[in-house]
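Reader: I would like a close look at a single part of this chain, set against its overall architecture. Please take me through it carefully.

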Amino acid sequence: MMLSTLLLVEAGNRARGAAAEEFGKMDPTGIAMTIIAMSVVFIALILLYLTFKYVAKLYNVDLKKRFKKSRPDEEVPQVLEDIPGETLVAISLALHLYNEQMQGLEAAVMTFKNASKTYSPWSSKIYGLRRTPNQ
C-alpha cells in the first residue's frame, strides 16, 4: 500500500520537458493541440483511402493489353486453300453430330422432389414442457 502511494506521488511530480511547458504556455486551453491531432488523423485516413483505391485499380490493369503493340496497317495474310469437298463434308458432319449430342444432354434434366417430414421428435414441444409434480 505504501509503495503504490509513493509511486502515485512520484508520477504526479514528474519533471516536464521544456518543449511541453512552452507549448502549454502558448496554448493553455488545448485547442491548437486538438486541431493538430485531428488534422493528422484525417490526413492519414485520406492517404490510406487513396492508397487502397489506387492499389485496387493497379490490380485490375491488364498489362498484356497495354503493352501489346497493335498495328492496324498490318493485316494478317489470309490463306485461302482449295479444300476438297469430302473434307468439308466430314467437318460439317462432325460438327452436326457434336451439336446433336450436346442437345441430347441438355434435354436430360434431373429434378429432385424434396419430401419434408412435418413431425420430428427434435422439434416436438411436448418433450420440452415440464410436468407438474403430483401433490
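**Around helix 3**

Author: From the N terminus on, the elements of this predicted model run α-α-α-α-α, and the secondary structure accordingly comes to five helices and zero strands. Of the 135 residues of the chain, 2% count as buried, while the surface that the chain exposes amounts to about 14600 Å², with carbon and sulfur atoms supplying 64% of that area.

Against this background, the part to examine is helix 3, which spans residues 31-59 and includes Leu48, together with the loop that lies between helix 2 (18-26) and helix 3. That loop holds Asp27, and Asp27 counts as buried because its relative accessibility is 14%, which is under the 20% limit used for that class. A polar atom of the Asp27 side chain lies 3.0 Å from the backbone nitrogen of Ala32; when residues up to four places away in sequence are left aside, Asp27 touches Ala32 and Met33.

Leu48, in helix 3, presents another picture, since its relative accessible area of 45% makes this residue partly exposed, a class that runs between the 20% and 50% limits. Leu48 also belongs to a nonpolar patch on the surface, where Met38, Val41, Phe42, Leu45 and Phe52 are the other members, and the patch as a whole has about 630 Å² of accessible area. Taken together, the region thus joins a buried Asp27 in the loop before helix 3 with a partly exposed Leu48 within helix 3.

Notes:
Residues numbered from 1 in each chain as written. Predicted model: local features only at pLDDT ≥ 70, side-chain atom pairs only at ≥ 80, totals over all residues. Heavy atoms only, no water. Patch = residues over 30% accessible without salt bridge, like charges linked within 9 Å, V, L, I, M, F, W, Y side chains within 5 Å. Areas by Shrake-Rupley, 256 points an atom, 1.4 Å probe, with all protein chains shown as cover. Salt bridge = Lys/Arg side-chain N within 4 Å of Asp/Glu carboxyl O. Helix = DSSP H or I, 4+ residues; strand = E, 2+ residues; numbered from the N terminus. Buried < 20%, exposed > 50% of the residue type's maximum accessible area, 1.4 Å probe, protein only. Polar contact = N/O pair within 3.5 Å; in protein donor to acceptor, adjacent residues only side chain to side chain. Contact = heavy atoms within 4.5 Å.
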